[in-house]
Amino acid sequence: MASLVSHEWLHAHLSEENIRVLDCRFWLGDPSKGASVYRDDHIPGAVYMDLERDLSGPVSEHGGRHPLPSAAQAAAVFGRAGIDETVTVIVYDDQDGAMAARCWWLLRYFGHERVYVLDGNYSEWKRKWRPVTDAIPAVAPRRFQPRPDRSWLATVEDVRAAVRNRSAVLIDSREWKRYAGLEEPIDRRPGRIPGAVHRFWKDGVEEDGYWKRATDQAARFADLDRGTPLIVYCGSGVTACPNVLALKEAGYRNVRLYVGSFSDWISYPDHPVETGDPSSSA
């Protein structure tokens with residue numbers, strides 16, 4: 001399942017009418033920085049997508065720190081960006097694909113199949129002397145029709161079932177210290193969802209935001225049965241998305257994102273968590 005395009009491909013097709021580029025740069029510790037650097041320069045024709053305003057719904061008691069937007073919100077955001085079913089969308093960021101993969105996943109979940117992640121960071125695009133501009137494009141709105149595909153989404157009920165009866169393998173995409181509960185810089189409880197295995201999302205990306213090839217991605221997940229349902233999560237449903245993409249590239253089909261992720265899981269006081277190294281006998 002090809003979900004990536006090269007800088008060379010995008011450069012060759014940049015001027016085509018039905019190509020829409022989305023700039024998804026975002027810094028979690030500095031939420032205004034993405035829009036600021038976009039105004040400085042971006043790929044010509046790119047429309048900016050803000051992780052929290054455009055690619056997430058409103059935060060409430062449950063749903064996590066970056067909740068799933070409603071179909072109405074998706075229709076407004078992507079329609080305003082000039083996207084309909086005829087448009088091929090290319091998404092990029094400067095965060096090794098994490099923010100771009102979130103946008104890719106959302107579009108796939110809402111039924112848009114012609115969406116691809118740029119292979120390589122925006123900084124690499126500039127390093128190669130590809131064209132950039134500070135001109136904000138005037139984009140004619142189109143009618144984006146959301147068609148939610150539940151095969152891409154895991155609900156909290158699905159995760160409860162996976163914990164209770166192992167109906168799916170849970171994959172934690174955060175770094176090891178957070179997975180093991182040794183460190184938790186964001187969420188109020190440390191640890192992981194019980195039974196989850198660990199696959200750090202950055203292990204699927206090389207330097208400068210280039211993605212590992214499909215065979216290398218397959219090697220990362222070689223111990224996981226291809227017929228077993230997989231549910232991928234992280235802290236808030238963002239950095240899990242690169243693992244969803246990597247699994248799809250590796251040929252796994254039954255892969256869903258738990259959008260609320262760990263921040264949603266611990267919003268329920270009765271939900272258990274695990275800590276420590278699961279391979280240890282201690």
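**Figure 1. Val 169 and its contacts in strand β7.** Val 169 belongs to strand β7, which covers residues 169-172. The model shown here and in the other views is predicted. With a relative accessibility of 23%, Val 169 counts as partly exposed, because the buried class ends under 20%. Leaving aside residues up to four places away in sequence, Val 169 touches Val 197, Leu 224, Thr 228, Pro 229, Leu 230 and Ile 231. Trp 105 lies 64 residues from Val 169 along the chain, and their C-alpha atoms are separated by 19 Å.

**Figure 2. Two positive phi angles outside glycine, at Arg 166 and Ser 261.** Most residues other than glycine have a negative phi. Arg 166 has a phi near 55°. This residue, Arg 166, sits in the loop between α6 (156-165) and β7. Its relative accessible area is 55%, so Arg 166 is exposed. Ser 261 also has a positive phi, near 55°. Ser 261 is part of helix α10, residues 261-265. Its relative accessibility is 0%, so Ser 261 counts as buried.

**Figure 3. Helix α3 and its packing partners.** Helix α3 spans residues 71-80. Its buried residues are Gln 73, Ala 74, Val 77, Phe 78 and Gly 79. They pack against β2 (19-23) and α4 (98-109). Gly 82 follows just after α3 and takes a positive phi of about 80°.

**Figure 4. The salt bridge between Arg 65 and Asp 187.** Side chains of opposite charge can pair when their charged atoms come close. In the pair of Arg 65 and Asp 187, the closest N and O atoms are 3.1 Å apart. The two residues come from distant parts of the chain, 122 residues apart. Arg 65 is in the loop between β3 (47-48) and α3. Asp 187 is in the loop between α7 (176-179) and β8. Arg 65 counts as partly exposed, at 28% relative accessibility. Asp 187 counts as buried, at 10%.

**Figure 5. The salt bridge between Glu 124 and Arg 127 in helix α5.** The closest N and O atoms of Glu 124 and Arg 127 are 2.5 Å apart. Both residues lie in helix α5, residues 122-127. They are 3 residues apart, so about one helical turn separates them. Glu 124 is buried, with a relative accessible area of 5%. Arg 127 is exposed, with a relative accessible area of 54%.

**Figure 6. The salt bridge between Glu 274 and Arg 192, and a salt-bridge network.** In the pair of Glu 274 and Arg 192, the closest N and O atoms are 3.4 Å apart. Glu 274 lies in the segment after α10, and Arg 192 in the loop between α7 and β8, so this pair ties together parts that are 82 residues apart in sequence. Glu 274 counts as partly exposed, at 28% relative accessibility. Arg 192 is buried, with a relative accessible area of 2%. Elsewhere, salt bridges that share partners join Arg 65, Asp 172, Arg 174, Arg 178, Glu 184 and Asp 187 into one network. The model has 19 salt bridges.

**Figure 7. A negative surface patch.** Glu 206, Glu 207, Asp 208 and Asp 216 form this patch. Asp 208 is found in the loop between β8 (197-198) and α8 (214-220). Asp 208 is partly exposed, with a relative accessible area of 40%.

Technical notes. Residues numbered from 1 in each chain as written. Predicted model: local features only at pLDDT ≥ 70, side-chain atom pairs only at ≥ 80, totals over all residues. Heavy atoms only, no water. Buried < 20%, exposed > 50% of the residue type's maximum accessible area, 1.4 Å probe, protein only. Helix = DSSP H or I, 4+ residues; strand = E, 2+ residues; numbered from the N terminus. Contact = heavy atoms within 4.5 Å. Patch = residues over 30% accessible without salt bridge, like charges linked within 9 Å, V, L, I, M, F, W, Y side chains within 5 Å. Areas by Shrake-Rupley, 256 points an atom, 1.4 Å probe, with all protein chains shown as cover. Salt bridge = Lys/Arg side-chain N within 4 Å of Asp/Glu carboxyl O. Lys, Arg positive; Asp, Glu negative; His and termini not counted. Charge placed at Lys NZ, Arg CZ, Asp CG, Glu CD.
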